[in-house]
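Grab a pencil and work through these short exercises with the viewer open. Try each task before you read its solution.

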Amino acid sequence: MMLRDGEKGKGYRVVDVSLGRAAKIRLEALGMTNGTTVLIMNKKHNGSMVVKVRGTRFAFGAGITGAVAVEEKGES
């Protein structure tokens, strides 16, 4: 599933980031790498959201949240 499909208040594990090279490198620099846990703090209907990654909150637009594949934290 994509990050934009997640629910507010739930944690997810990053599986894949399908963005251009520069954007992918930027997200990796912010700590969003494969296997990282992401907590959805707030979510808007247009797909933008505020997430917590490694203890820091970030706001991402729909373009990014639609390109980050995640799985629920409890799944394997």
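Helices and strands here are DSSP runs, with at least four residues for a helix and at least two for a strand. Keep in mind that this is a predicted model.

**Exercise 1. Work out the order of the helices and strands along the protein chain.**

Solution. Start with the tally: the protein chain has five strands and two helices. Now walk along from the N terminus, and you get β-α-β-β-β-α-β.

**Exercise 2. Check the radius of gyration of the protein chain against that of a compact globule.**

Solution. For 76 residues, the globule rule gives a value near 11 Å. The protein chain comes out at 11 Å, so the two agree. For the overall span, the C-alpha trace covers about 30 × 30 × 25 Å along its principal axes. Next, look at sequence separation: of the contacts with a separation of 6 or more, 56% join residues 24 or more positions apart.

**Exercise 3. Find the largest nonpolar core and say which strands supply it.**

Solution. First, the background: nonpolar side chains tend to be buried together in soluble globular proteins. In this model, 33% of the 76 residues are buried, meaning under 20% relative accessible area. The largest nonpolar core holds 15 residues, and Leu3, Met32, Val38, Val51 and Val68 have the most contacts inside it. At least two core residues come from each of strand 1 (11-17), strand 2 (37-43), strand 3 (49-53), strand 4 (56-60) and strand 5 (68-72). Finally, zoom in on Leu3: beyond its neighbours within four places in sequence, its contacts include Val38, Val51 and Val68.

Terms used:
Residues numbered from 1 in each chain as written. Predicted model: local features only at pLDDT ≥ 70, side-chain atom pairs only at ≥ 80, totals over all residues. Heavy atoms only, no water. Core = buried A, V, L, I, M, F, W, Y, C linked by side-chain atoms within 4.5 Å. Buried < 20%, exposed > 50% of the residue type's maximum accessible area, 1.4 Å probe, protein only. Contact = heavy atoms within 4.5 Å. Rg over C-alpha atoms; globule rule 2.2 N^0.38 Å.
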